[in-house]
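Please take a moment to look over the sequence and the fold before reading on. The paragraphs below go from a pair of helices to the sheet, then to the core, and finally to some loops.

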Amino acid sequence: MTHQILLSESALSIDETYSYLQDPEAGGICLFVGTIRNKNQNKVVEHLTMEAYSAMAKKQMERIANEAAEKWPIRKISVAHRTGKLEIGDIAVIIGVCSVHRAEAFKACEWLIDTLKQEVPIWKNEFYADGSAWLVPHP
């Protein structure tokens with residue numbers, strides 16, 4: 001089992017992630033793509049910034065990829081997250097899982113995004129017309 005971990009200020013690529021995940025022995029590739037929406041908590045979002053404790057975030061991303069590989073029979077995993085300024089519609093996160101069967105790919109993909117949001121030190125600062133707010137999804 002192999003995995004790809006990426007924390008980047010550059011745009012994330014669905015095509016590059018999909019290309020990495022392809023495997024002739026696998027019948028299921030599941031991708032979750034998280035994008036920046038224009039509304040949150042009843043406010044219009046103009047843009048946002050993502051900040052991370054990079055060294056720890058990468059270690060945690062690696063750890064959760066390894067955990068997923070222990071829970072499900074996975075061929076490949078990709079965990080990629082943006083940092084820096086993001087505009088509405090930009091891709092903030094891509095989780096990709098390749099498995100022999102689709103059921104495991106779906107389960108692992110959902111678990112990975114949920115766990116990433118709970119445990120990886122990445123923070124979002126949303127900017128509105130009347131100010132901004134830090135959104136911290138985990139303790």
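**Two helices and the sheet they lie across**

The axes of H2 and H3 come within 10 Å of each other and cross at roughly 145°, where axes are lines fitted to C-alpha atoms, for helices over the stretch in contact, and angles run from 0 to 180 degrees between N-to-C directions. The names follow from DSSP runs, numbered from the N terminus: helices are runs of H or I with at least four residues, and strands are runs of E with at least two. This is a predicted model, in which local features need pLDDT of at least 70 and side-chain atom pairs count only at pLDDT 80 or more, while totals for chains, interfaces and linings use all residues. Residues are numbered from 1 along each chain as its sequence is written, and side-chain values use heavy atoms, with hydrogens and water left out.

The crossing of H2 and H3 is right-handed, a term used if the near helix is turned clockwise from the far one by less than a right angle, with left-handed used if the turn is anticlockwise. Where the helices meet, H2 brings Gln-60, Met-61, Arg-63, Ile-64, Ala-65, Glu-67, Ala-68 and Lys-71, and H3 brings Trp-111, Leu-112, Thr-115, Leu-116 and Glu-119; contact here means heavy atoms within 4.5 Å. These residues divide into seven nonpolar, two polar and four charged, counting Ala, Val, Leu, Ile, Met, Phe, Trp, Tyr, Cys and Pro as nonpolar, Asp, Glu, Lys and Arg as charged, and the others, Gly among them, as polar.

One residue of this contact, Thr-115, has its place in helix H3. Thr-115 counts as buried because its relative accessibility is 6%, and the cut-offs are under 20% relative accessible area for buried, over 50% for exposed, and partly exposed in between, with a 1.4 Å probe and protein chains only. Leaving aside its neighbours within four places in sequence, Thr-115 is in contact with Ile-64 and Val-120.

Both helices also lie across strands. Helix H2, residues 54–71, lies across E1 and E5 and runs at about 155° to E1, while helix H3, residues 102–119, lies across E2, E5 and E7 and runs at about 145° to E7. In what order do the strands of the open sheet stand? The open sheet has four strands in the order E1-E5-E7-E2, with mixed pairing, and two strands pair if DSSP finds at least two bridges between them. The edge strands are E1 (2–8) and E2 (28–35), each of which pairs on one side only. Inside the sheet, seven bridges join E5 (residues 74–82) to E7 (residues 91–99), and these strands run antiparallel; Val-79 stands opposite Ile-95 in E7.

On the edge strand E1 we find Leu-6, which is partly exposed because its relative accessible area is 38%. The C-alpha atoms of Leu-6 and Ser-78 are separated by 8.0 Å, although these residues are 72 residues apart along the chain. Leaving aside its neighbours within four places in sequence, Leu-6 is in contact with Leu-12, Met-61, Val-79, Ala-80 and His-81.

The largest nonpolar core has 28 residues, and those with the most contacts inside it are Ile-95, Leu-112 and Leu-116; such a core is a set of buried Ala, Val, Leu, Ile, Met, Phe, Trp, Tyr and Cys residues joined through side-chain atoms within 4.5 Å. H3 gives the most to this core, with seven residues. Not counting residues up to four places away in sequence, Leu-116 touches Met-61, Ile-64, Val-79, His-81 and Ile-95.

We turn now to the loops. Five bridges join strand E8 (residues 122–128) to strand E9 (residues 131–135), which run antiparallel, and the two strands form a hairpin with two residues between them. Asp-130 has its place in the loop between E8 and E9, and Asp-130 counts as exposed because its relative accessibility is 61%. The C-alpha atoms of Asp-130 and Lys-43 are separated by 9.3 Å, with their places 87 residues apart along the chain counted as the distance apart.

Most residues other than glycine have a negative phi. Gln-41, however, has a positive phi of about 50° although it is not a glycine, and Asn-42 has a positive phi of about 60° although it is not a glycine either. Asn-42 lies in the loop between E3 and E4, and Asn-42 is exposed because its relative accessible area is 85%.
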